[in-house]
Amino acid sequence: MNTVREQTKLSIVVPVYNERYTVVELVDSLFRVALPVGVTREVILIDDASSDGTREILRELEQKHPLRIHYQSENQGKGSAVRKGIELASGDVIVVQDADLEYDPGELPKLLRPILDGHADVVYGSRFLAGEYRRVLYFWHTVGNRILTLWSNFFTNLNLTDIETCYKMVRAPILKSIPIRSNRFGMEPELTAKFAKRGCRIYEVAISYRGRSYREGKKITPWDGVKALFTIVYFWLVDDLYTEQYGHAILHQLSKTHRFNNWLADTIRPWVGEHVIEFGAGLGNLSRQLLPRDSYCASDIDPLHLDYLSNVFENQPSVSVCKADIEKSEDFVELEGRFDTAVALNVVEHVEDDKQALANIFSALRPGGRACILVPRSRRLFGSFDELLGHFRRYTPTQLRSGLEEAGFEIEKELTFNRISVPGWFINAVVLRRKSFGRLQLKLFDSTVWLWRRLDPFLPWKGLSLVMIARRPAADPSSEASQAAAPPS
């Protein structure tokens, strides 16, 4: 279960545009709120080129409160202001707060609770659940909100009650890793679509709402609602989920190739026992295929992947999630000798010291346990996808076999896997040097895997990947030494 550390900083991002009559009361309220014990606050105001005197008021507020204020040179819209605020935020949790007093800052602790308790990654403050009070205003505005929420739920398969709410409180590592493309109010459905695709644990809490009229300064228009409908469809079609450029996007694309992942799992399944550790579990593509097991540890080193795995397997007691860097022996102290199977598919090529990595994998196994190792084959196939995914090398059979034997393994089986993909990989990664897989290309390939896996053994070249099944000897010197050192029972 994900939990936020005891000392937690809440970053409150306030986009401001022409709010001279409300911004003082709003900022004062933010500093009056009694946050839970151990939670500190950071208030960041982004002035989106206000022209009504708001900027002068903000400069006065800087003398009164410990604020961080960024002044945009020109008006770019709420989405742009929020994007800048997220960039500046240094907290563990981030929430957006409008400057117009429609939302009560006194309810921020209520939104924070599911995150502090470790249950949620994202919390929406819903105006349509049973809050303490709600100002009665425009019927058609409410209808529009409900239509947008229904439309969004249809495409995201969520059951939210209010996607257009300002109050979206999010764990900072997740929000900082999501690109926000919308500059205006399309930010709300865009974020909802991306939270859903990222597998975030989303909660809703009821909030009070003091909506204001257009005469009082409300800025969203019916045209914004129409554009939001198209935004929902666009981000259903487009997987634009990560800001980092180190492979998350490709891993998300590959997570959709369920038939291919099943083929990969079937290839190693005969050698997989009941007490398994998987290194580099990523988004759990393989884990889902190999479960259930008596015990299964899905490990990774990427915080975003560890969060995702914790979310996916939260309700499966036989599955644990841990951080394990296969290059670091200290990460293996508590893993030593615990498993009958170690699975490392497309992992060893990511580390510079692969000899130490194989030795660490060896240490996690019981005597007689097996390691299922898959690595990219052939140095001649090294291309742009390898660079993007952070591969140090592609392997020859001799090179991998030598490394495994040096670590103490006995080689039980050697396989070549996925011959059918070699021509496509060579053209895309080596010749054209593309940076991502085409979505249609992947979908067509995955939908025809049933054919390719039958033709694969008959193709006259080696596969894209090399698989070796390696066994820790049933009675090896290190196990004998540890048994001799153990006290009598």
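This briefing covers a sheet, two helices that lie across it, two nonpolar cores and some backbone details. The model is a predicted one. Its seven-stranded sheet is open, and the pairing in that sheet is mixed. The largest nonpolar core has 63 residues, and a second, separate core has 30.

**The sheet**

- The strands of the open sheet follow the order β3-β2-β1-β4-β6-β5-β7.
- Strands β3 (67-71) and β7 (202-206) are at the edges, and each has a single partner strand, so one side of each has no neighbour in the sheet.
- On average, neighbouring strands of this sheet are turned by 20° against each other, with direction ignored.
- Strand β5, made of residues 122-126, runs parallel to β7 and is joined to β7 by five bridges.
- Within this part of the sheet, V122 is found opposite I202 of β7.

**Helices across the sheet**

- Helix α3 spans residues 78-88 and lies across β1 (8-16), β2 (39-47), β3 and β4 (93-96).
- The direction of α3 is at about 140° to β2.
- Helix α4 spans residues 108-116 and lies across β1, β2, β4, β5, β6 (168-171) and β7.
- The direction of α4 is at about 30° to β6.

**Nonpolar cores**

- In the largest nonpolar core, the residues that touch the most other members are L10, V14, L45, M169 and F195.
- Leaving aside residues up to four places away in sequence, L45 touches V14, V16, V23, V27, L58, L67, R68, I69 and H70.
- The second core, which is separate, includes L335, A342, I361 and L404.

**Backbone details**

- A cis peptide bond links L291 to P292, and its omega is near 5°.
- P292 belongs to the loop between α11 (285-290) and β9 (295-300).
- N157 is not a glycine, yet its phi is positive, at about 60°.
- The loop that holds N157 runs between α5 (139-156) and β6.
- N157 has a relative accessibility of 71%, and the cut-off for exposed is over 50%, so N157 counts as exposed.
- N418 also is not a glycine and has a positive phi, of about 70°.
- N418 sits in the loop between β13 (410-417) and α16 (422-431).
- The relative accessible area of N418 is 4%, and buried means under 20%, so N418 is buried.

Technical notes
Residues numbered from 1 in each chain as written. Predicted model: local features only at pLDDT ≥ 70, side-chain atom pairs only at ≥ 80, totals over all residues. Heavy atoms only, no water. Pairing = 2+ DSSP bridges. Helix = DSSP H or I, 4+ residues; strand = E, 2+ residues; numbered from the N terminus. Axes fitted to C-alpha atoms, helices over the stretch in contact; angles between N-to-C directions. Contact = heavy atoms within 4.5 Å. Core = buried A, V, L, I, M, F, W, Y, C linked by side-chain atoms within 4.5 Å. Buried < 20%, exposed > 50% of the residue type's maximum accessible area, 1.4 Å probe, protein only.
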